[in-house]
Amino acid sequence: MAALPNARLLVAAGLVGLFAASLCIGVDELPMGSVFTDAGALQLLLVSRLPRTVAVVLTGAGLAIAGLVLQILVRNRFVEPITTGTGQSAALGVLAVTLLFPTASIAMKTLGASVTALAGTSIFLGIAHRLPPTQPFLIPLFGLVYGGVIGAAVTFIAWQTDLLQYVDVWTNGEFSGVLRGRYELLWITAAMVALAWWVADRLTIASMGREVSLGLGLNYQRIVQLGLVMVAVISSLAVVVVGMIPFVGLVVPNLVSRLMGDNLKSVLPWVAVTGAVLLLACDIIGRLIRYPYEIPVGTVLGVVGSGLFLWILFGRTQRA
Amino acid sequence: MPDKRLLILAALAVVVAVAFMTVGLRGNIGFALELRAVRLVTLIQVGVAIAISTVVFQTVTANRVLTPQIMGLDALYMFGQMALVLALGSVGYVALDPRLKFVGEAGLMMAMALVLFLPMLRRRFDIGLLLLTGVVLGVLFRSLASLIARLIDPNEFAVVQGSSFADFNTVRPDLVIVGLMVTTIAAIIIWRLRHLLDIVALGADSATGLGVSWTKALAGLLLLVAALVAVSTALVGPVTFFGLLVVALAERIVDSRRHRLLLPAAMLTAVIVLLGGQIVLQHLLGGAATLGVVIEFVGGLVFLAMLITTSKR
């Protein structure tokens, strides 16, 4: 139990340190001391470095919370929105909006993506609740293939309409294109995270299932709908603005629950912070490993995240 | 006495093959026929390789919703490809004969498959955990491959660039012959082992009781599967659900899990579906390039349906 404050301290320090590091790392030299004397340095900081870093923090926190909420709704610890159909449904939505209204703004695309993401996630949730609870690994497996099938549909449509390169932008998450004026929609993610914290206690009750929730006087249907909207909106924002980033929503809630327990109301902010730390770390790795070129953060997370996930899976079974 | 249903399937396969060679033929007939013949051989051997590797893999893992590709074996091959370029790119590896490279890649992949999957299969995990592990391993190796691809020079990257879905139109004349050799040898070995496979299907305890050296049989079969997956991945790229689709179909057609019937039925079904699908997409819908995507879509739906129905039982 003595380890608990340490874990929190470590994560908080990680956030501060990585945030500062992310501001300093880039192709152009940016000594922190020169910001106040050199107008060009200040501009670089405000137009490129700061927006990028803020976007990473918002996306990381949002995806971690989206994963947490989805895990509560599905009642399974091994799911997350980006790999289980929500992300692919969102891509389908962006594709549809792009085809139907080629001049649509980013906000319109996000709206379209949110609608399809909501539908796709609802279908997944409906089927997941019908799968037998005795086989916990069936649900994530179902989700992965479900996401793959929707992804194949997206590829097929994109191929027929010559939009494959656009789809690549949405499916491969990276932050190199983030500048001031092109990421601000992501602040809606912050609102969603705050909303999740506000309803955390109700989510805890909902995680005990429909019967218990109704017995405790909770409007189960309403809270599930709210949760679905949060998951869909956060995922769609991520897909539209930066592209799909896998595994954050999966590994972060599991890691945090190991280190800090399961009291949702007190743990939820730390899930958000840890998500931001993980994504910042991976983004920085992606920027440094082939300097001055960049590796997309989605690729880095594919390696780091699946490795962490396997560790979570097998660490768990050995103890059980 | 061959089974009647097998004879019908074989006749159908011949019809489809003839149609594939002749439908819509125009222009320089000699040139077109030669091109189509190479593609026909490619598609047939890919179909055969995928079908029998899936049957064997399903028998070894005692699970009907599995394909080697779901467990990430094709990703393992692509990772091996990338790793070899990264490790040996500077000593002229890229300029080597593609056949030599293929042998090296296939060998590396078979070794990695043995190291990774044999312990997993021997310990007999809960099948859900096994599947999930395989899928995640697949993601891991795919991401590693694309990470390495971005680490090496862009011009070396172009040499091995793999797509995220199968492309049945790329014809690799340089690899057809070596692939044909591997496929034929593996198919003959597996056909001779058909009775052993029937015993392996009974499970570890019964098979050991009947005098089968379980670990040895498992290792040998796994190596054969890995070689066949290497062939199909090298020739057309990753096809995750195609094997599942054709084996499920073949099982319905011959109504048996006996390998004497299932192996040829699965092979023939695979050839019919591949060639037939190619003809339909190419001449009726005008989009032959997308056969891989269509197969993934339909196969994925079949997989989901099978997952739900088998879990209900």
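Two residues are taken to be in contact if their C-beta atoms, placed from the backbone, lie within 7 Å. With that in hand, the long-range contacts of this predicted model can be followed. In chain A, consider the contacts that join residues at least 6 apart in sequence: 78% of them link residues at least 24 apart. In chain B, the share of such contacts that bridge at least 24 positions is 82%.

What kind of secondary structure lies behind these contacts? Chain A holds 13 helices and zero strands. Walking along its sequence, the reader meets the pattern α-α-α-α-α-α-α-α-α-α-α-α-α. Chain B likewise has 13 helices, with zero strands, and its elements, starting from the N terminus, read α-α-α-α-α-α-α-α-α-α-α-α-α.

The overall dimensions of chain A come next. Along its principal axes, the C-alpha trace of this chain extends over about 65 × 60 × 35 Å. A handy check is the radius of gyration, taken over C-alpha atoms. For a compact globule of 320 residues, a value near 20 Å would be expected, and chain A has 20 Å, so the two agree.

Burial gives another view of each chain. A residue counts as buried if 20 or more other C-beta atoms lie within 10 Å of its own. By this criterion, 48% of the 320 residues in chain A are buried. Of the 313 residues in chain B, the buried portion is 46%.

Methods. Residues are numbered from 1 along each chain as its sequence is written. Chains are lettered from A and ligands numbered from 1 in the order in which they are written. This is a predicted model: local features need pLDDT of at least 70, side-chain atom pairs count only at pLDDT 80 or more; totals for chains, interfaces and linings use all residues. Helices (H or I, at least four residues) and strands (E, at least two) are DSSP runs, numbered from the N terminus. A residue is buried if 20 or more other C-beta atoms lie within 10 Å of its own, exposed if 12 or fewer, and partly exposed in between; C-beta atoms are placed from the backbone. The radius of gyration is taken over C-alpha atoms; the globule rule is 2.2 Å times the number of residues to the power 0.38.
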